[in-house]
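Me: I'm new to reading protein models. Could you walk me through one, feature by feature?

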Amino acid sequence: MTFDILDPRIDTYLKQLNAKHDDPVLLAMEARAEEHDFPIVGRLCGAFLEAMALTIGAKKVFEMGSGYGYSAWWFTRAVGPDGTVWCTDGKAENRDLAEQYLTEAGRWDRVEYAVSWAQEALMVTEGTFDIVYNDVVKDQYPDTWLLAKDRVRPGGLYICDNVLWSGRVTDEGYDASDSSEAIRRHNELVFADSEFDAFILPVRDGVLVARRR
Ligand SMILES: C[S@@+](CC[C@H](N)C(=O)[O-])C[C@H]1O[C@@H](n2cnc3c(N)ncnc32)[C@H](O)[C@@H]1O
């Protein structure tokens, strides 16, 4: 069973407050998502990702599951001209679209985009990151957390989308699917980890932020 995580009236109100973002590239990316039913993180969570990155002065962001660059539109703005956003996606057509959009936005030079499994790309990229952002297929969430957590610098953030899964992680909404089971397991692992302080923002489909101590 699925249900609205946020009261639709609150969702509308928050979107009204965020209406100031009228960059034509952002609007075109949002229109594409609407037209092709592509699951971008959306306006409210995008603005939240940017705020999180700005708050910790992030310069190095590793995205796992970038699609055509919508979440990277926000992260590339936050990291500034001397920052880098590592993007990953299994589909080459998403990379090409990301290049098109983020070039138009004037920020493609801040992006390193690997067409590959995000987990493999993370393993071959050295160092730690200010933010590791997880938006891969849901049944991979527990393993992706275990891989990603050591790559977040102390004081940095692990951020993960869709952690409330339209309510299917709750006892009432639980559907016993592989994805729901994996997201529940993932959330339990993150909250149980003594090295991280975790919180879930119940906006859209739920965004988890865990700060490494
Ligand atoms: C939900 S979409 C979100 C895209 C982006 N984060 C945004 O908000 O606009 C997830 C994307 O991750 C890609 N993906 C899923 N699992 C992946 C994995 N393990 N490695 C690389 N890409 C993956 C999919 O092809 C899809 O384009």
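Me: What share of the 213 residues in the protein chain is buried, and how do I decide that?

Reply: You count neighbours: a residue is buried if 20 or more other C-beta atoms, placed from the backbone, lie within 10 Å of its own, exposed if 12 or fewer, and partly exposed in between. Here, buried residues make up 41% of the 213 in the protein chain. Bear in mind that this is a predicted model: local features need pLDDT of at least 70, side-chain atom pairs count only at pLDDT 80 or more, and totals for chains, interfaces and linings use all residues. Residues are numbered from 1 along each chain as its sequence is written.

Me: Which parts of the protein chain have the lowest and highest confidence?

Reply: Look at pLDDT, the predictor's confidence in each residue, from 0 to 100. Where pLDDT is low, the predicted coordinates should not be read in detail. The average for the protein chain is 98, and 100% of the residues score at least 70. Confidence is lowest in helix 1 (residues 8-17), with a mean of 96, and highest in strand 4 (residues 129-134), at 99.

Me: How many helices and strands does the protein chain have?

Reply: Helices (H or I, at least four residues) and strands (E, at least two) are DSSP runs, numbered from the N terminus. The protein chain has 8 helices and 7 strands.

Me: What does the radius of gyration say about the protein chain?

Reply: You take that radius over C-alpha atoms and compare it with a globule rule, 2.2 Å times the number of residues to the power 0.38. For 213 residues, a compact globule would come out near 17 Å, and the protein chain, at 16 Å, agrees with that. Its C-alpha trace spans about 45 × 40 × 30 Å along the principal axes.

Me: Which residues touch the most other members of the largest nonpolar core?

Reply: A nonpolar core is a set of buried Ala, Val, Leu, Ile, Met, Phe, Trp, Tyr and Cys residues joined through C-beta atoms within 7 Å. The largest one has 56 residues, and Leu49, Ala53, Val61, Phe75, Ile131 and Ile159 touch the most other members. Helix 4 gives the most to this core, with 7 residues. As for contacts, two residues make one if their C-beta atoms, placed from the backbone, lie within 7 Å. Leaving aside neighbours within four places in sequence, isoleucine 159 contacts Leu49, Met52, Ile131, Tyr133, Val207, Leu208 and Val209.

Me: Is helix 4 mostly covered or uncovered?

Reply: Mostly covered: 10 of its 10 residues are buried. Among them are Trp73, Trp74 and Arg77. Take alanine 72, which is found in helix 4. Alanine 72 counts as buried because 30 other C-beta atoms lie within 10 Å. Beyond four places in sequence, its contacts include Glu63, Val85 and Leu102. Right after helix 4 comes glycine 80, with a positive phi near 80 degrees.

Me: Where is alanine 192, and is it buried or exposed?

Reply: Alanine 192 sits in helix 8. It is exposed, because just 9 other C-beta atoms lie within 10 Å.

Me: What is the phi of serine 166, and what about alanine 176?

Reply: Most residues other than glycine have a negative phi. Serine 166 has a positive one, near 50 degrees, and alanine 176 has a positive one too, near 60 degrees. Serine 166 is in the loop between strand 5 (152-161) and helix 8 (178-192), and alanine 176 is in the loop between strand 5 and helix 8 as well. Serine 166 is partly exposed, as 18 other C-beta atoms lie within 10 Å. Alanine 176 has 7 such neighbours, so it is exposed.

Me: How many residues surround the ligand, and which are the closest?

Reply: A residue is near a molecule if its C-beta atom, placed from the backbone, lies within 6 Å of it. Here 20 residues surround the ligand, the closest being Val41, Gly65, Gly67, Tyr70 and Val136. The elements that give two or more residues to this shell are helix 4 (70-79), strand 2 (84-89) and helix 6 (118-123). For classes, Ala, Val, Leu, Ile, Met, Phe, Trp, Tyr, Cys and Pro count as nonpolar, Asp, Glu, Lys and Arg as charged, and the others, Gly among them, as polar. By that scheme, the shell has 8 nonpolar, 9 polar and 3 charged residues.
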